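Biologist: I am new to this structure and would love a close look at one part of it. Could you take me through the sheet and whatever packs around it?

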Amino acid sequence: MPTIPPNIVVLTGAGISKESGLDTFRDADGIWSQVRLEDVATPEGFRRDPAMVHQFYNARRRRLAQGDIEPNPAHLALARLEREWRGEVLIVTQNIDDLHERAGSDNLIHMHGELLKVRCRQCRKPLVWVGDLDTGHACPDCGRTGSLRPHVVWFGEMPLAMDRINAALRHCGLFVSVGTSGNVYPAAGFVAAVRQAGRAHTIELNLEPSEGASLFHEARYGKASDLVPAFVEEMLSRSGNLTPGPI
C-alpha cells in the first residue's frame, strides 16, 4: 500500500514578499523605522487620527498595485506544491499583500488580514477595496459613513482564523516556516505547538536563523526564491513514498 503523504502547513512571513520588492516592517530600514506603529497599527491610533491611518494604508495599496510588484519564484513554487501534492497544503501567511493569490494559491489564510480589503465597524463585513479609502466613504452594505477601516490585524487585536490554524497545526505531518523572523506571536509559537503535538517534522527556510531556529528539526538558509523552489521540487519528486522526516 502506498504511503499517504502528510498534510503540510506552510507559514510565510515578510521575507518572502521582500524579494518581490515590498518593504518589510521590522528590518532596520523597514516601515517601522519610518512611522510609529502606535500611530498607524493600533485601534487607539485609528481613533486618534483615522485620516492619517487611511493615508498610510492607501500608500501601501498603491505600492502593491505598481507593475514591478509580482509574485516571485517562492510564491509560485508554493502554489505548485498546493496543486501537485497529494495531501493537503495550507499556507498561513502573516503578510497582508495578495502575492500568494496572484501566484495561484487557493488554500490560504491571511492571519493578519488583507491590504486589499476593508471592513465596516458597524456591520463587520469584510469588503474588497483596491483604491484609496478615507473617512468620507460609506459602507456599501449598511450605508454608514466613516465606519470603514483597513481589514488588517493591528497590535492588540486577535489574528484571524486561529481555530482553523490550530487545528491544521495539530494534524499536519510537516510544518515549514518561510521568511519569518520568529519574534511575532502567535505565529512565532507555531513551531513549538507542532513539536509539542509530536506528529510533524519541522523545517525552517529563511535568509538567516530566526528567533526560534533551535526548535526546527531542519533548517536551510538563503533567499526564499532559491530555497523554496528547490524544496518543492524535492518534495514532489519523492511524494510517492514520503513519510515525515529529513528531506
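Modeller: Happily! In this predicted model, six strands form an open sheet in the order β3-β2-β1-β7-β8-β9, and their pairing is parallel. At the edges are β3, residues 108–110, and β9, residues 218–221, each of which pairs on one side only. From one strand to the next, the twist averages 15°.

Let us begin with β1 and work outwards. Strand β1 covers residues 8–12 and runs parallel to β2, residues 89–93, with five bridges joining the two. If you would like a pair to look for on screen, find L11, whose bridge partner in β2 is V92. Packed on the sheet here is helix α5, residues 73–84, which touches both β1 and β2. The direction of α5 makes about 150° with that of β2.

Next, look at the other neighbour of β1 in the strand order, β7. Five bridges join β1 to β7, and these two strands run parallel. Here T12 stands opposite V178 of β7. Strand β7 also pairs with β8, residues 201–206, again in the parallel sense and over five bridges. In that pairing, F175 stands opposite T202 of β8.

How buried is β7 itself? Five of its five residues are buried, so β7 is largely enclosed by the rest of the structure. Its side chains are worth following one by one: L174, V176 and V178 point one way from the strand, while F175 and S177 point the other way, and all are buried. For this count, a residue is buried when its relative accessible area is under 20%.

Now for a helix that meets several of these strands. Helix α7 spans residues 162–171, and its buried residues are M162, I165, A168 and L169. These four cover an arc of only 125° around the axis, which puts them on the same side of α7. What do they pack against? The buried residues of α7 pack against β1, β2, β3 and β7 (174–178), and also against helix α8 (190–197). That list includes β3, one of the two edge strands of the sheet.

It may help to step back and place this part within the chain. The protein chain has nine helices and nine strands, and along its principal axes the C-alpha trace spans about 60 × 35 × 35 Å. Its radius of gyration is 19 Å, which agrees with the value near 18 Å that a compact globule of 247 residues would have. Buried residues make up 50% of those 247 residues. Among the contacts with a separation of 6 or more, 65% are between residues 24 or more positions apart.

Finally, a word on the cysteines, in case you go looking for cross-links: the structure holds zero disulfides. C120 is in none, and the nearest cysteine sulfur, that of C142, is 3.6 Å away. A disulfide would need the sulfur atoms within 2.5 Å. C123 is in no disulfide either, with the sulfur of C120 as the nearest cysteine sulfur, 3.7 Å away. Are these two buried or exposed? C120 counts as buried, at 1% relative accessibility, whereas C123 is partly exposed, with a relative accessible area of 33%.

Conventions: Residues numbered from 1 in each chain as written. Predicted model: local features only at pLDDT ≥ 70, side-chain atom pairs only at ≥ 80, totals over all residues. Heavy atoms only, no water. Pairing = 2+ DSSP bridges. Axes fitted to C-alpha atoms, helices over the stretch in contact; angles between N-to-C directions. Contact = heavy atoms within 4.5 Å. Buried < 20%, exposed > 50% of the residue type's maximum accessible area, 1.4 Å probe, protein only. Arc of directions from axis to C-beta. Rg over C-alpha atoms; globule rule 2.2 N^0.38 Å.
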